[in-house]
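Welcome! Open the structure in your viewer and keep the selection tool at hand for a short walk through it.

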Amino acid sequence: MLITKKNQYALRAVFELAKQQGKGPIKISHIAETQAIPERFLEVILGQLKKSGFVQSKRGYQGGYMLLVPPDKLTVGALMRFLQREVAFAECMAPIPENNCPFHGSCAFFPMWRRVKDAMFEVYDKTSIQDLLNNDNSGGIHCNRREL
């Protein structure tokens, strides 16, 4: 299972809302700028997170988004499962649809991919948004892929 840009953006948006918790509604423009997320894409993501019950919105001049779930109660795993609900978790890491694979049902790699996915979710499920906040020493600047 690959982590999509959507997953990364959603996690960063929730992270920013958690950082700003208690300050009232946070505008999309602030989240987008602080977390380097395209604003139009962020609107869609926050709309989905609102339907999930993770965030709520307030309209108007003083409006914006707020995190509904306390950061210490919200895990990365819960977010990832919600984000992946529309797309079945790919057990296979191959870039072709599973039903088009000539080895579907008899793939030697399938058990390994399942263990990889399970290991990732073990980490995600043990990591709360609060854990991420506790590890944040960036001053608002986050790493990019080349730094990993």
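**Two helices to start**

Select α2 and α3 in this predicted model: the two helices pack at an angle of about 115 degrees, and their axes lie 10 Å apart. Their crossing is right-handed. Now show the side chains where they meet: I28, S29, I31 and A32 come from α2, while E39, L42, E43 and L46 come from α3.

**Into the core**

Keep L42 and L46 on screen and add L17, L49, F54 and L74. These six have the most contacts inside the largest nonpolar core, which has 32 residues. Next colour the elements that each supply at least two residues of this core: α1 (5–19), α2 (28–35), α3 (39–52), β2, α4 (76–84), α5 (110–125) and α6 (129–134). Which of them gives the most? That is α1, with 7 residues.

Zoom in on F54. Setting aside neighbours within four places in sequence, F54 is in contact with L49, M66, L67, L68, V69, L74, A78, L79 and F82.

**The hairpin**

Now select residues 55–58, strand β1, and residues 64–67, strand β2; they pair in the antiparallel sense over 4 bridges. Look for K58, which stands opposite G64 in β2. Between the strands of this hairpin are 5 residues, and G60 takes a positive phi near 100 degrees.

**Colour by confidence**

Finally, colour the chain by pLDDT. The average is 85, and 82% of the residues score at least 70. Then select residues 144–148, where the pLDDT is below 50. Beyond near neighbours in sequence, this stretch has 2 contacts in the model.

Definitions and conventions. Residues numbered from 1 in each chain as written. Predicted model: local features only at pLDDT ≥ 70, side-chain atom pairs only at ≥ 80, totals over all residues. Heavy atoms only, no water. Pairing = 2+ DSSP bridges. Core = buried A, V, L, I, M, F, W, Y, C linked by side-chain atoms within 4.5 Å. Buried < 20%, exposed > 50% of the residue type's maximum accessible area, 1.4 Å probe, protein only. Contact = heavy atoms within 4.5 Å. pLDDT = per-residue confidence, 0-100. Axes fitted to C-alpha atoms, helices over the stretch in contact; angles between N-to-C directions. Left-handed = near helix turned anticlockwise from the far one by under 90°.
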